[in-house]
Amino acid sequence: MSRSTGTGTERHAVQGRNRPASQKQANRSHAGLRSLGERADAQLKSWKILREPRCGPGRAGHLCEALAVLRNHRATRTA
């Protein structure tokens, strides 16, 4: 069994630093879309009807979709 003889101050390559520009752009685009989805999830959690559903999980999913559509429709009308 070999042991590390280093002092613990070795530097490691930063992950993602040497990525091509196309990969960096794809990651930025994906992060933007992901942030929208996470924000929508956080906003839907504040709805009482979703915290205490009186229906099955399948129907709750459809309810989430409907609420998201209504929320986005209202946001685009006021913007």
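How far is the sulfur of Cys-64 from the closest cysteine sulfur, and in which residue does that sulfur sit? Let's start with the overall picture and come back to the cysteines.

What you're looking at is a predicted model. The mean pLDDT of the protein chain is 77, and 72% of the residues get to 70 or more. That confidence isn't spread evenly: helix α1, residues 21-45, has the highest mean, at 85, while helix α2, residues 48-51, has the lowest, at 75.

As for the fold, the chain has three helices and zero strands. Read from the N terminus, the elements simply go α-α-α.

Not much is tucked away here: just 5% of the 79 residues count as buried. The accessible surface of the chain adds up to about 7700 Å², and carbon and sulfur atoms account for 53% of that.

Now for the cysteines. The structure holds zero disulfides. Cys-55 is in no disulfide, and the nearest cysteine sulfur, in Cys-64, lies 9.1 Å away. Seen from the other side, the closest cysteine sulfur to that of Cys-64 belongs to Cys-55, and the 9.1 Å between them is too far for a bond. A disulfide needs the two sulfur atoms within 2.5 Å.

Are these two residues buried or exposed? Neither, as the table shows: both land in between.

| Residue | Relative accessibility | Class |
|---|---|---|
| Cys-55 | 32% | partly exposed |
| Cys-64 | 25% | partly exposed |

So Cys-55 and Cys-64 are both partly exposed, and their sulfurs sit too far apart to bond.

Definitions and conventions: Residues are numbered from 1 along each chain as its sequence is written. This is a predicted model: local features need pLDDT of at least 70, side-chain atom pairs count only at pLDDT 80 or more; totals for chains, interfaces and linings use all residues. Side-chain values use heavy atoms; hydrogens and water are left out. pLDDT is the predictor's confidence in each residue, from 0 to 100. Helices (H or I, at least four residues) and strands (E, at least two) are DSSP runs, numbered from the N terminus. Buried means under 20% relative accessible area, exposed over 50%, partly exposed in between (1.4 Å probe, protein chains only). Accessible areas come from the Shrake-Rupley method with a 1.4 Å probe; for residues, only the protein chains shown count as cover.
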